[in-house]
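Got the viewer open? Load the model, switch on the cartoon, and let's walk through it one selection at a time.

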Amino acid sequence: YSSAADLLVAWTSKEAIYKAADCPGLDFARDINLPLNNIDNKAIVHLPDGDRQFSLFTTASSEFTLTLAIPC
């Protein structure tokens, strides 16, 4: 990640995925893989019952960053 804004998007993405996956105990580093320069913004989550894919939608301003994770 090249900037503080990129890190903030990564953090809000992982938070959104964690909540959408509804699987307590997920490890942010190990279980949630964010897209890197992925045009369709899909992320993979490794769950005990198999991998799931999520679409990510982010909007940001100078005051906030919001990311929505939707299961595919």
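How many bridges join strand 3 to strand 4? Select residues 50-60 for strand 3 and 65-71 for strand 4: seven bridges join the two, and they run antiparallel. Before going on, keep in mind that this is a predicted model, where local features need pLDDT of at least 70, side-chain atom pairs count only at pLDDT 80 or more, and totals for chains, interfaces and linings use all residues. Residues are numbered from 1 along each chain as its sequence is written, and side-chain values use heavy atoms, with hydrogens and water left out.

A word on the labels: helices (H or I, at least four residues) and strands (E, at least two) are DSSP runs, numbered from the N terminus. Two strands pair if DSSP finds at least two bridges between them.

**Stop 1: the sheet**

Now colour the strands. You're looking at an open sheet of four strands in the order 1-2-3-4, with antiparallel pairing. Strand 1 (32-33) and strand 4 are the edge strands, each pairing on one side only. Add strand 2 (residues 42-47), and you'll find six bridges between strand 2 and strand 3, again in the antiparallel sense.

Trace the turns next. Strand 2 and strand 3 form a hairpin with two residues between them, while the hairpin from strand 3 to strand 4 goes through four residues. To check the register, pick isoleucine 44, whose bridge partner in strand 3 is glutamine 53. Then pick leucine 56, which stands opposite alanine 69 in strand 4.

**Stop 2: serine 55**

Select serine 55, in strand 3. Which residue in strand 4 does serine 55 stand opposite? That's isoleucine 70. Towards strand 2, serine 55 is the bridge partner of lysine 42.

Show the side chains of serine 55 and lysine 42, and a polar contact of 2.9 Å joins them. (A polar contact is a pair of N or O atoms within 3.5 Å; within protein, one must be able to donate a hydrogen and the other to accept it, and residues adjacent in sequence count only if both atoms are side-chain atoms.)

Serine 55 counts as buried because its relative accessible area is 11%; the cut-offs are under 20% for buried and over 50% for exposed, with partly exposed in between (1.4 Å probe, protein chains only). Leaving aside neighbours within four places in sequence, serine 55 is in contact (heavy atoms within 4.5 Å) with Asn41, Lys42, Leu68, Ala69, Ile70 and Cys72.

**Stop 3: a nonpolar patch**

Stay on strand 3 and select phenylalanine 57. With a relative accessible area of 48%, phenylalanine 57 is partly exposed. Add Leu68 and Ile70 and turn on the surface: with Phe57 they make a nonpolar surface patch of about 280 Å². Patches are made of residues with over 30% relative accessible area and no salt bridge, joining like charges within 9 Å and nonpolar side chains (Val, Leu, Ile, Met, Phe, Trp, Tyr) within 5 Å. The areas come from the Shrake-Rupley method with a 1.4 Å probe, and for residues only the protein chains shown count as cover.

**Stop 4: threonine 67**

Go to threonine 67 in strand 4. Buried or exposed? Buried, because its relative accessible area is 10%. The threonine 67 side chain makes polar contacts with the side chains of threonine 12 (2.7 Å) and threonine 58 (2.9 Å). Not counting residues up to four places away in sequence, threonine 67 touches several others, including Val9, Ser13, Ala16 and Leu56.

**Stop 5: the helices and salt bridges**

Select phenylalanine 28 in helix 2 (residues 28-31). Its C-alpha atom is separated by 6.7 Å from that of lysine 14, 14 residues apart along the chain. Beyond neighbours within four places in sequence, phenylalanine 28 is in contact with Trp11, Lys14, Glu15 and Tyr18.

Last, the charges: the whole structure has two salt bridges, each a side-chain nitrogen of Lys or Arg within 4 Å of a carboxyl oxygen of Asp or Glu.

- Lysine 19 and glutamate 15: the closest N and O atoms are 3.9 Å apart. Both residues lie in helix 1 (residues 4-21), four residues apart, about one turn of the helix.
- Aspartate 31 and arginine 30: the N to O distance is 3.0 Å. Aspartate 31 is buried at 8% relative accessible area, whereas arginine 30 is exposed at 55%.
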